[in-house]
Amino acid sequence: MRVQGWLFLLCGLFFAGVDVVYWYWSKEPVGTTAMAISVGFAFMIGYYLMFTARRIGDQPEDNKTAEISDGAGEIGFFSPSSWWPLFVCLAAAFAFVGFVIGLWMFLIGVFLVIMSMVGFVFQYYRGNFSH
C-alpha cells in the first residue's frame with residue numbers, strides 16, 4: 001500500500017503545480033477550484049493509504065521480490081447475491097431528483113435512502129442468509 005500512497009501523494013503535488021499555473025494564466029475561479037479539489041482528494045487518498053500501510057504492515061505489493069502466490073488467500077467476504085445496492089442507488093437517485101423538484105420529494109428520498117441503507121447493512125441478520 002505504500003506504493004499506492006506515494007503515487008497519490010505525488011499526483012497531488014503535480015495537481016497543485018498545475019493548479020497554480022492554471023490560476024496564473026487563466027484567472028478563472030471555477031477551474032482553479034476544481035483543480036484545488038482534486039489536489040485535496042489526491043492528498044486525502046494518499047494519506048489514508050500511507051496511514052493504513054503503517055498500521056497493517058508490509059503487503060506483498062510492497063515487496064519487490066514477491067511472487068504472485070504471496071498475495072493468495074482469503075481477501076474478504078463478498079455478498080453472493082444482494083439486491084440492496086440497487087435499492088440504495090434507486091433511492092439516492094430519487095433523492096437527487098427530489099432535490100431539483102421539491103422538498104417533499106427530497107425528504108421522501110432521504111427516508112428511502114436511510115431505509116435501504118439499513119436493509120443493506122442488516123441483510124445477513126434475518127432471512128435465509130442469517131448467521
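Cys11 comes out as partly exposed, because its relative accessibility is 31%, which lies between the 20% and 50% cut-offs. Cys89 has a relative accessibility of 53%, so this cysteine counts as exposed, the bar for that label being over 50%. As for cross-links, the structure turns up zero disulfides. A disulfide, after all, is a covalent bond that ties together the sulfur atoms of two cysteines. All of this comes from a predicted model.

On to the fold itself. The protein chain is built with four helices and zero strands, so reading along the sequence just gives α-α-α-α under the run-based assignment of helices and strands. Its C-alpha atoms take up a box of roughly 50 × 50 × 20 Å along the principal axes. The radius of gyration of the protein chain is 22 Å, whereas a compact globule of 131 residues would sit near 14 Å.

Burial and surface come next. Of the 131 residues in the protein chain, 18% are buried. The exposed area runs to about 10400 Å², with 74% of it supplied by carbon and sulfur atoms. Then there are the contacts: taking those between residues at least 6 apart in the sequence of the protein chain, 62% link residues at least 24 apart.

Last, the charges. The protein chain carries 6 positive and 8 negative charges, and the mean positions of the two sets lie 9 Å apart.

Methods
Residues numbered from 1 in each chain as written. Predicted model: local features only at pLDDT ≥ 70, side-chain atom pairs only at ≥ 80, totals over all residues. Heavy atoms only, no water. Helix = DSSP H or I, 4+ residues; strand = E, 2+ residues; numbered from the N terminus. Rg over C-alpha atoms; globule rule 2.2 N^0.38 Å. Buried < 20%, exposed > 50% of the residue type's maximum accessible area, 1.4 Å probe, protein only. Contact = heavy atoms within 4.5 Å. Areas by Shrake-Rupley, 256 points an atom, 1.4 Å probe, with all protein chains shown as cover. Lys, Arg positive; Asp, Glu negative; His and termini not counted. Charge placed at Lys NZ, Arg CZ, Asp CG, Glu CD. Disulfide = S-S within 2.5 Å.
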